[in-house]
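Please open the model in a viewer and keep the selection panel at hand. The tour begins at one helix and then moves out to the whole chain.

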Amino acid sequence: MYCTRKVTDDIIWVGGNDRRLSVFEGVYKCPTGVSYNSYLIKDDKTVLMDTIDRAVSTVFFENIEHELDGRPLDYAVIQHMEPDHSATLAELVLRHPETVIVCNAKLAAMIRQYFDFDLDSRLMLVKEGDTLSTGRHTLNFVMAPMVHWPEVMVTFDSDKGILFSADAFGTFGAINGALFADEVDFWHDCLDEARRYYCNIVGKYGPQVMALLKKASGLKINMILPLHGYVWRAGLGDFIDKYVHWASYEPEEKAVVIAYASVYGNTANAAEILSCRLREKGVPTYMYDVSMTTPDYVISAAFKCSHLVFASTTYNAGIFVRMEELLHDLAAHNIQNRKAAFIENGTWAATSGKLMRSIMENCKNITFMESTVSLKSSVKPEKLEDIEALADEIAKDFTKPVHYSPAAEDAVETRIDPVAFNKLSYGLFVLTARDGDQLNGCIINTAQMLTDNPKRITIAVNKANLTHDMILKTGEFNVSVLTESVPMSVFEHFGFQSGRNTHKFISFEDFEMAQNGIPYITAHTNAFFSAKVVAAADNGTHTLFTAEVTQAEVLGSEPSVTYAYYFAHIKPKKKPVETQKAGWVCKICGYVYEGDELPTDYECPICKHGPEDFERIEAAPAPKGHKWVCEICGFEYEGEELPADYTCPLCKHGVEDFKQVY
Ligand code: FEO
């Protein structure tokens with residue numbers, strides 16, 4: 001029986017899930033299965049976007065026939081010839097001899113390599129920039145070589161802002177009926193599998209992925225439809241940001257991967273001791289026994305973390321076989337920009353350290369720690385010093401979180417005004433940090449008192465913020481509590497621009513330095529806190545920092561601004577869509593300049609970006625039907641009427657929280 005889902009009113013997911021596949025591509029374990037996505041566009045013309053793996057072909061063809069409902073299949077766009085997407089192409093041609101196959105020249109050559117059917121009589125060759133109009137959709141073909149094979153192209157529906165992204169933005173794991181990433185807890189449940197998919201499937205081709213991301217940055221993308229995993233219609237920026245990290249080989253986390261190969265447990269013992277010493281110094285670690293964990297998982301962890309430690313026994317005068325396999329695999333996947341260290345072991349001739357290093361020397365921009373540990377058979381007392389020295393050297397790259405100590409509390413107690421804690425609400429705050437000479441700040445909405453003795457607070461910070469990275473590195477921050485008089489310009493200043501390309505404290509005067517040398521905000525605030533991090537918990541998009549307060553001062557008596565107050569009284573109301581005039585929109589902050597010509601020296605009044613960051617918008621056509629917007633999360637529903645039992649697919653609120661726009 002067919003099993004389909006609507007992506008939009010006229011784009012249908014016609015794919016399938018395979019939970020019996022034990023190893024994808026014969027290599028990668030699939031404990032949660034894999035999805036093979038294919039999409040049918042039902043426009044004036046019908047278009048199938050890629051076919052599917054043979055394993056789920058039965059339901060695939062039932063899906064197509066059900067959705068076509070007797071219509072011909074006008075086109076099949078083939079974006080990638082790896083058989084997990086193309087294996088059923090020949091059967092499709094048998095079932096639908098009328099179908100025109102749309103692909104580029106490299107794809108056509110591969111189709112001929114895989115199949116014997118007559119391609120030429122049904123072939124439409126396309127190249128970069130070519131388009132295909134199907135009625136309401138205009139498909140633009142964008143070449144994406146090596147993401148993941150050389151023939152790959154992606155397709156951008158410029159009318160709807162939909163990117164059919166081929167393998168890019170895919171995820172391991174069956175999708176279990178939840179087609180959209182926002183229907184699951186993606187950042188908690190799926191990010192690791194998305195990373196493992198990326199690193200192992202296209203990790204080697206970071207420059208090519210960056211080239212595709214660069215092309216994509218010029219497009220207004222509303223949805224991403226990959227060939228594996230979930231469809232993205234919300235939070236695209238966060239996932240694209242992950243891709244930027246992975247494709248540029250920049251670590252997502254400051255943390256240490258310790259991968260060890262140990263035949264009788266002594267090398268494992270050394271690895272465990274190192275991890276303990278690192279943890280005592282506040283350094284996060286991830287440990288893997290390479291005899292038990294396949295390389296793809298360790299490679300994924302290595303793409304995530306900043307520091308790599310490899311510990312291996314010497315085996316047949318070489319590296320233990322599983323470790324050797326991992327290191328070659330890591331090098332083959334182009335791992336770069338990391339710090340590495342080694343622990344070797346050998347009962348009579350330890351050579352594994354040197355040999356492991358020689359493999360990693362083939363990788364770009366790997367910095368090797370000066371400290372090494374060389375064991376003979378087992379860890380002896382004198383070797384503990386070597387392990388400690390390695391831990392010390394690694395820990396120098398990390399900020400030691402300040403752990404609670406009674407002495408420290410006594411020393412700072414007199415600077416903490418307990419009344420300041422009464423100012424905390426579900427409100428809005430300026431979070432500030434210092435890294436050397438660099439000062440920065442951002443807006444957060446979560447700062448709460450955790451315990452009274454010791455005085456601790458928690459803050460949640462989006463990982464995309466530079467302030468987040470600065471706090472991870474330095475372990476210190478200030479929180480300034482904003483009040484109801486705060487103007488929108490403060491949110492624009494700290495929230496709508498990045499400290500990566502502007503110095504937020506050069507053009508801002510309303511601040512003083514706290515005793516920790518970090519600024520706090522003196523206008524439209526009623527309190528501030530200085531704090532030192534004692535724990536950082538990964539929560540997907542955000543890190544939850546638990547911190548010990550070292551200074552707390554009351555700055556005024558005006559009420560704290562609450563989140564609700566901000567939305568009701570401060571945040572500008574969106575213009576109704578039907579009044580949208582033609583003009584230019586700032587891609588950085590969303591500011592709209594109305595007018596046909598954007599002055600060449602124009603500067604965005606909100607985020608100060610220039611004309612290169614604006615893109616043209618056309619006047620909105622007269623709307624058909626009606627639109628409602630969820631006042632909780634901003635999700636928009638279009639249709640003739642909002643069903644009485646409708647639930648927002650993003651935030652799960654009901655119709656009472658929807659407001660009609662037109
Ligand atoms: Fe999902 Fe490169 O195939």
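Which strands and which helix are included in what covers the buried residues of H15? Before answering, note that this is a predicted model.

**First selection: helix H15.** Select residues 488–495, which form helix H15. Of its 8 residues, 6 are buried, so the helix is largely enclosed by the rest of the structure. Colour the buried positions: Met488, Val490, Phe491, Glu492, His493 and Phe494. Glu492 and His493 thus belong to the buried set, together with Phe491 and Phe494.

**Second selection: the cover.** Add strand S24 (429–435) and strand S25 (438–444) to the view. Continue with strand S28 (476–482) and strand S30 (519–521). Finally, add helix H16 (563–570). These four strands and this helix are included in what covers the buried residues of H15, which answers the opening question.

**Third selection: the whole chain.** Now display the complete chain, which holds 16 helices and 38 strands. Its radius of gyration is 28 Å, close to the 26 Å that the globule rule gives for 662 residues, so the chain is as compact as a globular protein of that length. Oriented along its principal axes, the C-alpha trace spans about 80 × 75 × 50 Å. Among contacts with a separation of 6 or more, 69% join residues 24 or more positions apart.

**Fourth selection: surface and charges.** Buried residues make up 53% of the 662 in the chain. With the surface switched on, about 29,000 Å² is exposed, and carbon and sulfur atoms supply 51% of that area. Lastly, select the charged residues: the 62 positive and 90 negative charges have mean positions 2 Å apart.

Methods:
Residues numbered from 1 in each chain as written. Predicted model: local features only at pLDDT ≥ 70, side-chain atom pairs only at ≥ 80, totals over all residues. Heavy atoms only, no water. Helix = DSSP H or I, 4+ residues; strand = E, 2+ residues; numbered from the N terminus. Rg over C-alpha atoms; globule rule 2.2 N^0.38 Å. Buried < 20%, exposed > 50% of the residue type's maximum accessible area, 1.4 Å probe, protein only. Contact = heavy atoms within 4.5 Å. Areas by Shrake-Rupley, 256 points an atom, 1.4 Å probe, with all protein chains shown as cover. Lys, Arg positive; Asp, Glu negative; His and termini not counted. Charge placed at Lys NZ, Arg CZ, Asp CG, Glu CD.
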